[in-house]
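Work through the exercises below with the model open beside you. Try each task before you read its solution.

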Amino acid sequence: MHFETIDFSKNIHNKTDIKQFYGGLSYDEKSIKEVLQRPVHGHTAKLGSIIEADMSQYGISQEQQHNIELLKKGHKVVIAGQQAGLFMSPSYIIHKIISILVVVEMKENHGYDAVPVFWIAGEDHDFEEVNHTHLYDTYHRRRIKVSYKPNLTVPMSVGFYNYDKKR
């Protein structure tokens, strides 16, 4: 395996074709057709069934059921997501959600039903990462680290931890 490091700071005139990192694809007609012609993964139908079984306990709307059926049939997926976080910018999350609306454009301009998927990474296993926030002064300098329980170790997914609600 070969890894290449590119120092973009020395390449301010963009001599490196950044599309190389995206398989040479861009959002043009030729690239879209190339992606749509790729074979369907063998696990796609099974994945659709797993998602359907998991979501059914919460109730599935007609639109969601339609998208699950498209997934089971092997339709391509447009994915966006965000790790949940305290004080995370709502506008950034909304931007990501809006960006997934490219699926609407796929149907209108290319006649293809892509499946929109937006995930929230809410089952973070890294308690140390989510157990604190920083307070800043008026000069935007980090001053105080505030933690829930600084010496606590959580050996499970944070989503399953039963925290002390009285504290």
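Two strands count as paired if DSSP finds at least two bridges between them. The model used here is predicted.

**Exercise 1. The hairpin**

Task: Find how many bridges join strand 3 to strand 4, and state how the two strands run. Then find the residue with a positive phi in their hairpin.

Solution:
- Step 1. Locate strand 3 at residues 132-136 and strand 4 at residues 142-147.
- Step 2. Count the bridges: 5 join these strands, which run antiparallel. The cut-off for pairing is at least two.
- Step 3. Check partners. His 132 stands opposite Ser 147 in strand 4. His 134 has Lys 145 as its bridge partner in strand 4.
- Step 4. Move to the loop. The hairpin has 5 residues between the strands, and there His 140 takes a positive phi near 65°.
- Step 5. Judge that angle. Most residues other than glycine have a negative phi. His 140 is a residue other than glycine, yet its phi is positive.
- Step 6. Ask about cover. His 140 has a relative accessible area of 68%, so it is exposed.

**Exercise 2. An acid by the hairpin**

Task: Which residues form salt bridges with Asp 137? Is Asp 137 buried or exposed?

Solution:
- Step 1. Take Arg 141. Its salt bridge with Asp 137 has the closest N and O atoms 2.9 Å apart.
- Step 2. Take Arg 143. It also forms a salt bridge with Asp 137, with the closest N and O atoms 2.9 Å apart.
- Step 3. Compare with the cut-off. A salt bridge needs the nitrogen within 4 Å of a carboxyl oxygen.
- Step 4. Classify the acid. Asp 137 has a relative accessible area of 19%, and buried means under 20%, so Asp 137 is buried.
- Step 5. Classify one of the bases. Arg 141 has 41% relative accessibility, so it counts as partly exposed.

**Exercise 3. Helix 3 and its contacts**

Task: Which residues of helix 3 are buried, and why do they lie on the same side? Then find what Lys 72 meets in helix 2.

Solution:
- Step 1. Locate helix 3 at residues 62-72. Asn 67, Ile 68, Leu 70 and Leu 71 are buried there.
- Step 2. Look down the axis. These residues cover an arc of only 160°, so they sit on the same side of helix 3.
- Step 3. Recall the helix geometry. An α-helix has 3.6 residues a turn, so residues three or four places apart point the same way.
- Step 4. Go to Lys 72. Its side chain meets that of Glu 52 in a salt bridge, at 2.5 Å from N to O.
- Step 5. Place both ends. Lys 72 lies in helix 3 and Glu 52 in helix 2 (residues 44-56), so the bridge ties together parts that are 20 residues apart in sequence.
- Step 6. Check cover. Lys 72 is partly exposed, with a relative accessible area of 24%.
- Step 7. Leave the helix. Just after helix 3, Gly 74 takes a positive phi of about 95°.

**Exercise 4. A nonpolar patch**

Task: Which residues form a nonpolar patch on the surface, and where is Ile 98 found?

Solution:
- Step 1. Name the members: Ile 94, Ile 98, Leu 101 and Val 104. Together they have about 360 Å² of accessible area.
- Step 2. Place Ile 98. It is found in helix 4, residues 90-99.
- Step 3. Classify Ile 98. Exposed means over 50%, and its relative accessible area is 51%, so Ile 98 is exposed.
- Step 4. Add a distance. The C-alpha atoms of Ile 98 and Ala 80 are separated by 9.4 Å, and the two residues are 18 apart along the chain.

**Exercise 5. The whole chain**

Task: How many helices and strands are in the chain? Where is confidence highest and where is it lowest?

Solution:
- Step 1. Count the elements: 6 helices and 4 strands.
- Step 2. Read their order from the N terminus: α-α-α-β-α-α-β-α-β-β.
- Step 3. Assess burial. Of the 167 residues, 17% count as buried.
- Step 4. Assess confidence. The mean pLDDT is 78, and 76% of the residues reach 70 or more.
- Step 5. Find the extremes. Helix 3 is highest, at 95, and helix 6 (residues 127-130) is lowest, at a mean of 73.

Conventions: Residues are numbered from 1 along each chain as its sequence is written. This is a predicted model: local features need pLDDT of at least 70, side-chain atom pairs count only at pLDDT 80 or more; totals for chains, interfaces and linings use all residues. Side-chain values use heavy atoms; hydrogens and water are left out. Patches are made of residues with over 30% relative accessible area and no salt bridge: like charges are joined within 9 Å, nonpolar side chains (Val, Leu, Ile, Met, Phe, Trp, Tyr) within 5 Å. Accessible areas come from the Shrake-Rupley method with a 1.4 Å probe; for residues, only the protein chains shown count as cover. Buried means under 20% relative accessible area, exposed over 50%, partly exposed in between (1.4 Å probe, protein chains only). The arc is that of the directions from the helix axis to the C-beta atoms. pLDDT is the predictor's confidence in each residue, from 0 to 100.
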